[in-house]
Amino acid sequence: MPTHETNGIRYQFAGCKQSGENLSCAVLLTSLTQDYGMYIHNNDVRIIDLGGNQYSPRMFQFGDYGNQFPSGRINLVKGVPLKIVVHFQGVGTKMNGASLLQFQNSQLKNLSF
């Protein structure tokens with residue numbers, strides 16, 4: 001799975017699932033150097049499909065919590081991955097990959113799903 005490391009954080013693509021025009025993509029975040037708190041907002045994330053269309057997320061889901069949030073603060077523990085699920089709407093019904101999933105300063109490229 002594609003991985004990118006920046007500023008002591010590893011971002012690892014964990015797959016996307018599509019349902020109609022909705023797309024949910026999972027990313028594992030791991031702090032590599034220290035316990036770290038970070039704030040995530042929907043302005044920090046985007047996906048670009050293979051046709052060059054850009055989409056911003058509607059909501060986030062942190063870990064296995066059933067609730068979804070437009071933004072939130074997460075606390076990473078050094079060496080312990082935390083799953084973030086990013087929910088996009090209106091992506092069409094046939095998205096099977098992305099040129100880019102940008103998550104803050106991290107760029108996960110050439111994704112297949």
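Start with the charged side chains: the protein chain of this predicted model carries 9 positive and 6 negative ones. Select the two sets in separate colours; their centres lie 2 Å apart.

**The whole chain**

Switch to a cartoon view. The protein chain has eleven strands and zero helices, so the order along the sequence is β-β-β-β-β-β-β-β-β-β-β. Turn the C-alpha trace along its principal axes, and the spans are about 40 × 30 × 20 Å. The radius of gyration is 13 Å, which agrees with the value near 13 Å for a compact globule of 113 residues.

Now show the surface. The accessible area of the protein chain is about 6200 Å², and carbon and sulfur atoms account for 42% of that. Of the 113 residues, 41% count as buried. For contacts, take pairs of residues at least 6 apart in sequence: 62% of these join residues at least 24 apart.

**The nonpolar core**

Hide the surface and select Leu29, Ile84, Phe88, Leu101 and Phe103. These are the residues with the most contacts inside the largest nonpolar core, which has 27 residues.

Keep Leu29 and display what surrounds it. Which residues does leucine 29 touch, not counting those up to four places away in sequence? The list runs through Arg10, Tyr11, Met38, Ile74, Leu76, Val80, Pro81, Leu82, Ile84 and Phe103. Two of these, Ile84 and Phe103, also appear among the core residues with the most contacts.

**Isoleucine 9**

Select Ile9 next. Isoleucine 9 lies in strand E2. Is isoleucine 9 buried or exposed? Its relative accessibility is 3%, and the cut-off for buried is under 20%, so isoleucine 9 counts as buried. Leaving out residues up to four places away in sequence, isoleucine 9 touches His4, Thr30, Ser31, Tyr36 and Leu76. Leu76 is also on the contact list of leucine 29. For a distance check, draw a line from the C-alpha of isoleucine 9 to that of phenylalanine 62: the two are 53 residues apart along the chain and separated by 16 Å.

**Glycine 20**

Follow strand E2 (9–19) to the loop that leads to strand E3 (22–31); glycine 20 is in this loop. Glycine 20 is partly exposed, with a relative accessible area of 44%. Apart from neighbours within four places in sequence, glycine 20 is in contact with Gly92 and Thr93. Add methionine 95 to the selection. Glycine 20 and methionine 95 are 75 residues apart in sequence, and 9.9 Å separates their C-alpha atoms.

**Glutamine 89**

Move to strand E9 (residues 82–89), where glutamine 89 lies. Glutamine 89 has a relative accessible area of 47% and is partly exposed. Setting aside neighbours within four places in sequence, its contacts are Glu21, Asn22, Tyr55 and Arg58. How far apart in space are glutamine 89 and serine 19, C-alpha to C-alpha? The distance is 9.7 Å, for two residues that are 70 residues apart in sequence.

**The loop between E10 and E11**

Go on to the loop between strand E10 (97–103) and strand E11 (106–112), and select glutamine 104, which is found there. Check its backbone angles: glutamine 104 has a positive phi of about 55 degrees although it is not a glycine.

Asparagine 105 is found in the loop between E10 and E11 as well. Asparagine 105 is exposed, with a relative accessible area of 54%. Beyond its neighbours within four places in sequence, asparagine 105 is in contact with His4, Thr6 and Asn7. His4 was met before, as a residue that isoleucine 9 touches. Measuring from asparagine 105 to glutamine 54 in the viewer gives 16 Å between C-alpha atoms, for residues 51 apart along the chain.

**Asparagine 110**

The last stop is asparagine 110, in strand E11. Which sign does the phi of asparagine 110 have? Phi is positive, at about 55 degrees, although asparagine 110 is not a glycine. Show the surface again at this position: asparagine 110 has a relative accessible area of 65% and is exposed.

How values were computed
Residues numbered from 1 in each chain as written. Predicted model: local features only at pLDDT ≥ 70, side-chain atom pairs only at ≥ 80, totals over all residues. Heavy atoms only, no water. Helix = DSSP H or I, 4+ residues; strand = E, 2+ residues; numbered from the N terminus. Rg over C-alpha atoms; globule rule 2.2 N^0.38 Å. Buried < 20%, exposed > 50% of the residue type's maximum accessible area, 1.4 Å probe, protein only. Contact = heavy atoms within 4.5 Å. Areas by Shrake-Rupley, 256 points an atom, 1.4 Å probe, with all protein chains shown as cover. Lys, Arg positive; Asp, Glu negative; His and termini not counted. Charge placed at Lys NZ, Arg CZ, Asp CG, Glu CD. Core = buried A, V, L, I, M, F, W, Y, C linked by side-chain atoms within 4.5 Å.
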